[in-house]
Amino acid sequence: MATEAEVRSALGEVLDPEYPISILDLGLVRGIEVEGDKVRVKLTFTSLGCPCVELIREDVRSRLRAIEGVHQVEIEEVFEPWDASAISRKGREILRSLGVC
Amino acid sequence: MLTDSALLERIRAGRLVERPDHANERYIEGLKRTLIVSADTELISAPAYLRAAQDAPNVNAYISAMGIIQDELGHAHIAYRLLRDLGVDTDALVYERRPEEFKHPYAFDVPLESWTELVVANAFYDRAGFVLLGDVFRHTSYGPWKRALVKVDREENFHLRHGERWMSILAQDPARRDELQRAVDWMFVLTLEWFGLPDHLKRHTEQISYGLKGKTNDQLRQEWLSTTVPFCEKLGLRVPAHYDSERGEYVIDVPFPAEFDAENKRWLFERGAITWDDVLARWRRRGPANVELVSEIQRGYAQIRPALAA
């Protein structure tokens with residue numbers, strides 16, 4: 001069975017479709033549960049009208065399925081409020097280097 | 001203002017031009033021309049894409065298309081802002097020019113009328129923009145533009161991925177495949193034209209020595225072909241170009257340039273190749289959607305113009 005740490009580290013490799021910042025550093029991941037071969041991830045987005053929802057969901061699903069022992073991936077969109085304070089320090093540095101914040 | 005030789009020396013030494021007094025008038029005029037083409041292209045893509053986005057198959061797809069349109073307007077704003085900093089009256093540029101005076105590629109003047117055509121535009125036209133702006137980003141000697149393009153480049157990645165992802169979805173749908181192939185048939189060659197005159201008809205000396213671009217038209221056209229052709233082949237779509245391993249480059253398999261029936265979105269290859277002068281004449285006449293797209297942009301300003309004049 002995969003561990004939560006493994007799942008978290010895999011999500012650290014899933015990048016935002018526009019900028020080279022992971023969805024973890026961007027603060028979109030709001031919960032991880034592992035139950036047998038099933039992983040449940042709670043995701044929020046930077047806005048209700050985020051144009052990349054489908055791409056992010058696809059990328060999360062395909063990256064998590066590549067973990068040994070994971071056969072099912074369930075993504076729950078929680079639409080919790082998101083603002084720039086959710087971005088990690090590393091994420092902020094990446095965005096600053098691109099002239100975004 | 002620098003003398004030409006001092007300017008060329010500065011550029012050769014890899015020092016960026018940050019202000020007009022780091023360059024000379026010819027350089028600034030050339031830079032403005034290049035920026036206007038880029039700004040107009042980004043701006044006009046917005047109403048062109050908006051029209052086709054009305055045909056989005058679901059809400060998420062529509063939101064993605066709107067995100068792309070918003071990005072394009074942001075990119076246009078960046079380029080116009082750089083022009084304004086060079087002393088250009090950008091309000092006059094955007095709101096007072098006649099439709100045929102805009103400098104966007106002819107391709108956008110052929111209306112995009114379906115979701116299928118929109119996603120092919122995201123894959124083909126945005127790839128062309130990505131190739132052209134990527135070249136500017138790597139080679140431009142104008143510092144403010146180079147810095148601004150970091151963000152633009154990243155956002156275009158998303159547009160390409162959106163277009164290519166949707167092309168893959170449509171290619172796998174037997175009910176949509178023919179429609180997709182039809183869009184590829186007219187849009188592929190129109191994008192090839194986008195890169196402009198072939199190298200034997202155009203001298204780039206000044207643009208390249210001034211560091212306004214790095215590669216020639218034919219090199220950039222090859223770069224576009226080198227990703228677009230394999231991508232279409234992977235999806236099982238027919239494209240009129242192939243890689244010639246002996247020549248070490250992509251070869252176009254149809255008469256090029258050719259006559260285009262814009263109303264019916266069809267290439268008249270059976271009539272053989274035409275000259276680039278014929279193409280330039282068609283570009284100057286502009287295409288069927290030209291007036292509509294520019295009017296979309298200018299509509300609000302036209303309404304307040306009397307009040308502004310008063």
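**Exercise 1.** Is B:His242 buried, partly exposed or exposed? Determine also where B:His242 is found and which residues it contacts.

*Solution.* The model is a predicted one. Begin with the neighbour count: 13 other C-beta atoms lie within 10 Å of B:His242. A residue with 20 or more such neighbours is buried and one with 12 or fewer is exposed. B:His242 is therefore partly exposed, with its count of 13. Next, locate the residue: strand β1 of chain B, residues 241-244, contains B:His242. Then list its contacts, leaving aside neighbours within four places in sequence: B:Val229, B:Tyr250, B:Val251 and B:Asp253. Finally, take a distance: 19 Å separates the C-alpha atoms of B:His242 and B:Val120, which are 122 residues apart along the chain.

**Exercise 2.** Describe how helices α2 and α3 of chain B cross.

*Solution.* Identify the two elements: α2(B) spans residues 25-53 and α3(B) spans residues 59-85. Their axes come within 8 Å and cross at roughly 160 degrees. Angles over 145 degrees count as roughly antiparallel, so α2(B) is roughly antiparallel to α3(B). As to handedness, the crossing of α2(B) and α3(B) is left-handed. By class, the residues of this helix contact comprise 19 nonpolar, three polar and three charged.

**Exercise 3.** Characterise the largest nonpolar core, and name members of a second one.

*Solution.* The largest nonpolar core has 76 residues. Those touching the most other members are B:Tyr49, B:Leu118, B:Val120, B:Ala121, B:Phe124, B:Val184 and B:Met187. Turn to the helices: in chain B, α1 (4-12), α2, α3, α5 (115-139), α6 (143-171), α7 (177-194), α9 (217-234) and α11 (290-309) each supply at least two residues of this core. With 14 residues, α5(B) gives the most. For the contacts of one member, leave aside neighbours within four places in sequence: B:Met187 is in contact with B:Val120, B:Ala121 and B:Phe124. A second, separate core holds 24 residues, including A:Val41, A:Cys52, A:Val53 and A:Ile56.

**Exercise 4.** Analyse the side of chain B that touches chain A.

*Solution.* Count the participants: 14 residues of chain B are in contact with 12 residues of chain A. On the chain B side, α3 and α6 each supply at least two residues. The largest share, eight residues, comes from α6(B). Sorted by class, this side of chain B has five nonpolar, four polar and five charged residues.

Note on methods. Residues are numbered from 1 along each chain as its sequence is written. Chains are lettered from A and ligands numbered from 1 in the order in which they are written. This is a predicted model: local features need pLDDT of at least 70, side-chain atom pairs count only at pLDDT 80 or more; totals for chains, interfaces and linings use all residues. Axes are lines fitted to C-alpha atoms, for helices over the stretch in contact, and angles run from 0 to 180 degrees between N-to-C directions. Helices (H or I, at least four residues) and strands (E, at least two) are DSSP runs, numbered from the N terminus. Angles under 35 degrees count as roughly parallel, over 145 as roughly antiparallel, 65 to 115 as roughly perpendicular and the rest as oblique. A crossing is left-handed if the near helix is turned anticlockwise from the far one by less than a right angle, and right-handed if clockwise. Ala, Val, Leu, Ile, Met, Phe, Trp, Tyr, Cys and Pro count as nonpolar, Asp, Glu, Lys and Arg as charged, and the others, Gly among them, as polar. A nonpolar core is a set of buried Ala, Val, Leu, Ile, Met, Phe, Trp, Tyr and Cys residues joined through C-beta atoms within 7 Å. Two residues are in contact if their C-beta atoms, placed from the backbone, lie within 7 Å.
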